[in-house]
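Me: I should like a close look at one part of this structure, namely the way in which its helices pack and its charged side chains pair. Please explain it in connected prose suitable for a first-year student.

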There are 2 protein chains.
Amino acid sequence: MAKQVIVFDVNETLLDLAGLEPRFSELLPAGMMALWFSRMLFNSAVATMSGVYQPFDQQGIDALVTTGLGAGIEISEEEARWVVDGMRDLPPHPDVEPALEALQDEGIRMATLTNSSRSMVRDQMGNAGLARYFEKLLSVESVGEFKPSPAAYRHAASSLAVGISEIRLVAAHAWDVTGAIRAGALAAFVERGRARLGPLSEKPDIVARDLTGIASSILAH
Amino acid sequence: MAKQVIVFDVNETLLDLAGLEPRFSELLPAGMMALWFSRMLFNSAVATMSGVYQPFDQQGIDALVTTGLGAGIEISEEEARWVVDGMRDLPPHPDVEPALEALQDEGIRMATLTNSSRSMVRDQMGNAGLARYFEKLLSVESVGEFKPSPAAYRHAASSLAVGISEIRLVAAHAWDVTGAIRAGALAAFVERGRARLGPLSEKPDIVARDLTGIASSILAH
């Protein structure tokens, strides 16, 4: 266990995307946030599969503009950027800080690994008051491929100077856990809200309702 | 132009996904179809990015089960399969057959290239009465990577014995057009309903409201 490093996904896993609703609902009904986020993720996958890197916030702007058009609502790139910039100031879920404290108290190494850009994750962790828990704030921007590309998880391992099997990716997204496990890492799935692993998901050895449960399992392993 | 082959995407481009609404709405509100379809696409991208191939209908089942859980509705894999199997019997959009006729009359070579499985695309084209227009019904199942992976478009070119720059992918999805162009193919975008290219999309030299317009532009090129 000495060399294991816990690597946290950021959006939804640590930070509450519901904090974006006030800005989002200025442009589109809040009920469309899930569709927008899914399309932002798919956009990012399209970029990586077709060999191009365009930052996550640009993927979000593109997804917002096209989701608006699909709903018959014209949204300018500037308006969309204002919404996406709101991701820089999301509150942490209430279970996050106690869990990070508990892990830090035991001397566990921790980092983030996010599809957000380097600039965005720095703002996010600073605004949420979480930066002090992490040895590094890693972003896929450094490798130019979005999660779940194996290159993203390998980047985390090499940046933290451990083998891929020595990082444990903690995420509230089944696809992120699946990608990490297929890349050779350990993982833990947070069943945040109604998020659940699907029939095709890889099944990690740690699953819990919140980060408190995840931290307890990690410390008991 | 002699060697150019027109390669059609299937779902939404040729066939009307709205035909799935009666089955879908037995399990979830019809308004969630866009979210489900986006997640099916992202699931498929996750599979390809993490080096695994699991057929498109399985991706659809997984996305339906987890979208149900997110809405607080438990859906069994059997119920989800019944919905996804409804994709085998979708009606063509009304502009499709006249456009395919016009292209066939001019001796244009045509094929399909879909993320659907081989079995599904055979059923789809048979049930829609469109099979006779196509030299080949190509599926990404033969290459084991979903569009927009470049391997999928290269597979189409090699199966049709032409260079990648001699196929023109016709699709109603910005991401498919983008993937084809980045792989080195030509493309044409159908602005079906409210579908539009986004700020990050590659811009093809042919864009039209329906397949009649696409066919006219192809014949005029």
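Reply: The account below turns from helix packing to one enclosed helix and then to the salt bridges. The model is a predicted one.

Two packed helices are described by the angle between their axes and the distance between the axes. In chain A, the axes of helix H2(A), residues 33-49, and H3(A) come within 8 Å and cross at roughly 125°. Angles over 115 degrees but not over 145 count as oblique, so H2(A) is oblique to H3(A). The crossing of H2(A) past H3(A) is right-handed. On the side of H2(A), the contact involves Leu35(A), Trp36(A), Arg39(A), Met40(A), Leu41(A), Asn43(A), Ser44(A) and Ala47(A). From H3(A) come Phe56(A), Gln59(A), Gly60(A), Asp62(A), Ala63(A), Leu64(A) and Thr67(A). Sorted by character, the residues of this contact are eight nonpolar, five polar and two charged.

A second pair of helices is H5(A) and H9(A), the latter spanning residues 211-220. Their axes are 8 Å apart and the angle is about 15°. Angles under 35 degrees count as roughly parallel, and H5(A) and H9(A) are therefore described in that way. This crossing, too, is right-handed. Val96(A), Ala99(A), Ala102(A) and Leu103(A) of H5(A) meet Leu211(A), Thr212(A), Ala215(A), Ile218(A) and Leu219(A) of H9(A). Here the contact consists of eight nonpolar residues and one polar residue, with no charged ones.

Helix H7(A), residues 150-159, shows how a helix may be surrounded. Eight of its ten residues are buried, so H7(A) is largely enclosed by the rest of the structure. The buried residues are Pro150(A), Ala151(A), Ala152(A), Tyr153(A), His155(A), Ala156(A), Ala157(A) and Ser159(A). Within chain A, these residues pack against strands S2 (109-114), S3 (136-139) and S4 (167-171) and against helix H8 (174-182). Helix H2 (33-49) of chain B also packs against them. Just after H7(A), Ala161(A) has a positive phi of about 60°.

The charged side chains come next. Side chains of opposite charge can pair when their charged atoms come close. Over all chains, the count of salt bridges is 26. In one of them, Asp57(A) and Arg88(A) pair with an N to O distance of 3.8 Å. Asp57(A) belongs to helix H3 (residues 56-70), whereas Arg88(A) sits in the loop between helix H4 (77-85) and helix H5 (96-105), 31 residues apart. The salt bridge thus links distant parts of the chain. Asp57(A) is buried, because its relative accessible area of 11% is under 20%. Arg88(A) is likewise buried, at 16%. Both residues also belong to a network of salt bridges together with Asp85(A) and Asp123(A).

Another salt bridge joins Glu191(A) to Arg196(A), with 3.8 Å between the closest N and O atoms. Glu191(A) is buried at 19% relative accessible area, whereas Arg196(A) is partly exposed at 26%.

In chain B, Glu141(B) and Arg118(B) form a salt bridge, again with 3.8 Å from N to O. Glu141(B) lies in the loop between strand S3 (136-139) and helix H7 (150-159), and Arg118(B) lies in helix H6 (residues 118-128), so the pair ties together parts that are 23 residues apart in sequence. Both are partly exposed: Glu141(B) has a relative accessible area of 26%, and Arg118(B) one of 36%.

Technical notes: Residues numbered from 1 in each chain as written. Chains lettered and ligands numbered in written order. Predicted model: local features only at pLDDT ≥ 70, side-chain atom pairs only at ≥ 80, totals over all residues. Heavy atoms only, no water. Salt bridge = Lys/Arg side-chain N within 4 Å of Asp/Glu carboxyl O. Helix = DSSP H or I, 4+ residues; strand = E, 2+ residues; numbered from the N terminus. Buried < 20%, exposed > 50% of the residue type's maximum accessible area, 1.4 Å probe, protein only. Axes fitted to C-alpha atoms, helices over the stretch in contact; angles between N-to-C directions. Parallel < 35°, antiparallel > 145°, perpendicular 65-115°, else oblique. Left-handed = near helix turned anticlockwise from the far one by under 90°. Contact = heavy atoms within 4.5 Å. Nonpolar A, V, L, I, M, F, W, Y, C, P; charged D, E, K, R; others polar.
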